[in-house]
Amino acid sequence: GLEGRDILGTAQTGTGKTCAFALPILHRLSLAQVEHRPRPKKYDRNYMGRPPRALVLAPTRELATQIHDSFVAYGRNLKLRQTVVYGGVNQFHQVRALQNGIDILVATPGRLRDLHEQGFIDLSKIETLVLDEADRMLDMGFISDIQKIVKLLPKKHQTMLFSATLCKTIRGL
């Protein structure tokens with residue numbers, strides 16, 4: 001995690017995976033703090049704050065929320081911003097958080113693609129991508145969303161993939 005190498009891990013739910021990827025991400029991002037762009041005085045719908053540097057994809061809004069809560073708890077004394085985006089709710093508050101600038105984005109693949117297609121998310125500065133419960137995301141039909149998202153990331157980034165099982169599709173991903 002800390003060295004920036006890609007990781008492929010297998011672990012069942014509830015075994016501490018979130019801590020295993022969240023702490024190295026928080027540590028690395030806190031070492032390289034980036035200045036926040038000030039918001040314009042007048043509200044500008046097209047204004048984009050600093051883009052995220054870490055992206056965590058999760059299959060469900062419940063898991064995405066749990067992961068986000070862990071980042072908030074572990075990083076409470078750091079000057080890093082994080083937010084969570086998922087479908088099934090109005091996107092207004094999610095968009096506002098993105099426009100204010102964030103360091104860590106936790107998302108479900110479908111909502112992330114929606115917000116990117118609307119021009120609200122810039123993934124060009126992602127340094128670390130985490131795919132949590134990748135087997136569940138594949139079972140839920142998110143493979144094409146994930147592939148499209150990965151194409152939006154910089155060529156050079158760390159990938160951490162966690163799954164309960166390691167089938168051929170997971171290894172290929």
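Here's a quick tour of the sheet, the helices that pack around it, and one buried residue. Keep in mind that this is a predicted model. At its heart for this briefing is an open sheet of 6 strands with parallel pairing, and helices α2 and α3 both lie against strands of that sheet.

**The sheet**

- Reading across the sheet, the strands come in the order β1-β6-β5-β2-β4-β3.
- The edges belong to β1 (7–10) and β3 (82–85); each has a single partner strand, so one side of each is left without a neighbour in the sheet.
- On average, neighbouring strands are turned by 15° against each other, ignoring direction.
- In general, strands of a sheet pair through backbone hydrogen bonds, in either a parallel or an antiparallel way.
- For edge strand β1, the partner is β6 (residues 158–163): the two run parallel and are joined by 4 bridges.
- If you want a spot to look at in that pair, try Thr10, which stands opposite Ser163 in β6.

**Helices on the sheet**

- Helix α2 (residues 61–74) packs on the sheet and touches β2 (54–57), β3 and β4 (104–107).
- The direction of α2 makes about 175° with that of β3.
- Helix α3 (residues 92–100) lies across β3 and β4, and runs at about 150° to β3.

**Where α1 meets α2**

- Helix α1 (residues 17–31) packs with α2 at an angle of about 50°, and their axes are 10 Å apart.
- That angle falls in neither the parallel, antiparallel nor perpendicular ranges, so α1 and α2 count as oblique to each other.
- The crossing of these two helices is right-handed.
- On the α1 side, the contact is made by Thr18, Cys19, Phe21, Ala22, Leu23, Ile25 and Leu26.
- On the α2 side, Ile67, Ser70, Phe71 and Tyr74 take part.
- Sorted by class, the contact of α1 with α2 has 9 nonpolar and 2 polar residues, with no charged ones.

**A closer look at Ala107**

- Ala107 sits in strand β4.
- With a relative accessible area of 0%, Ala107 is buried, because the cut-off for that label is under 20%.
- Leaving aside neighbours within four places in sequence, Ala107 is in contact with Leu55, Val56, Leu57, Ala58, Val85 and Leu112.
- Ala107 and Ile67 are 40 residues apart along the chain, and their C-alpha atoms are separated by 9.5 Å.
- Ile67 also shows up above, as one of the α2 residues in the contact with α1.

Definitions and conventions: Residues are numbered from 1 along each chain as its sequence is written. This is a predicted model: local features need pLDDT of at least 70, side-chain atom pairs count only at pLDDT 80 or more; totals for chains, interfaces and linings use all residues. Side-chain values use heavy atoms; hydrogens and water are left out. Two strands pair if DSSP finds at least two bridges between them. Axes are lines fitted to C-alpha atoms, for helices over the stretch in contact, and angles run from 0 to 180 degrees between N-to-C directions. Contact means heavy atoms within 4.5 Å. Angles under 35 degrees count as roughly parallel, over 145 as roughly antiparallel, 65 to 115 as roughly perpendicular and the rest as oblique. A crossing is left-handed if the near helix is turned anticlockwise from the far one by less than a right angle, and right-handed if clockwise. Ala, Val, Leu, Ile, Met, Phe, Trp, Tyr, Cys and Pro count as nonpolar, Asp, Glu, Lys and Arg as charged, and the others, Gly among them, as polar. Buried means under 20% relative accessible area, exposed over 50%, partly exposed in between (1.4 Å probe, protein chains only).
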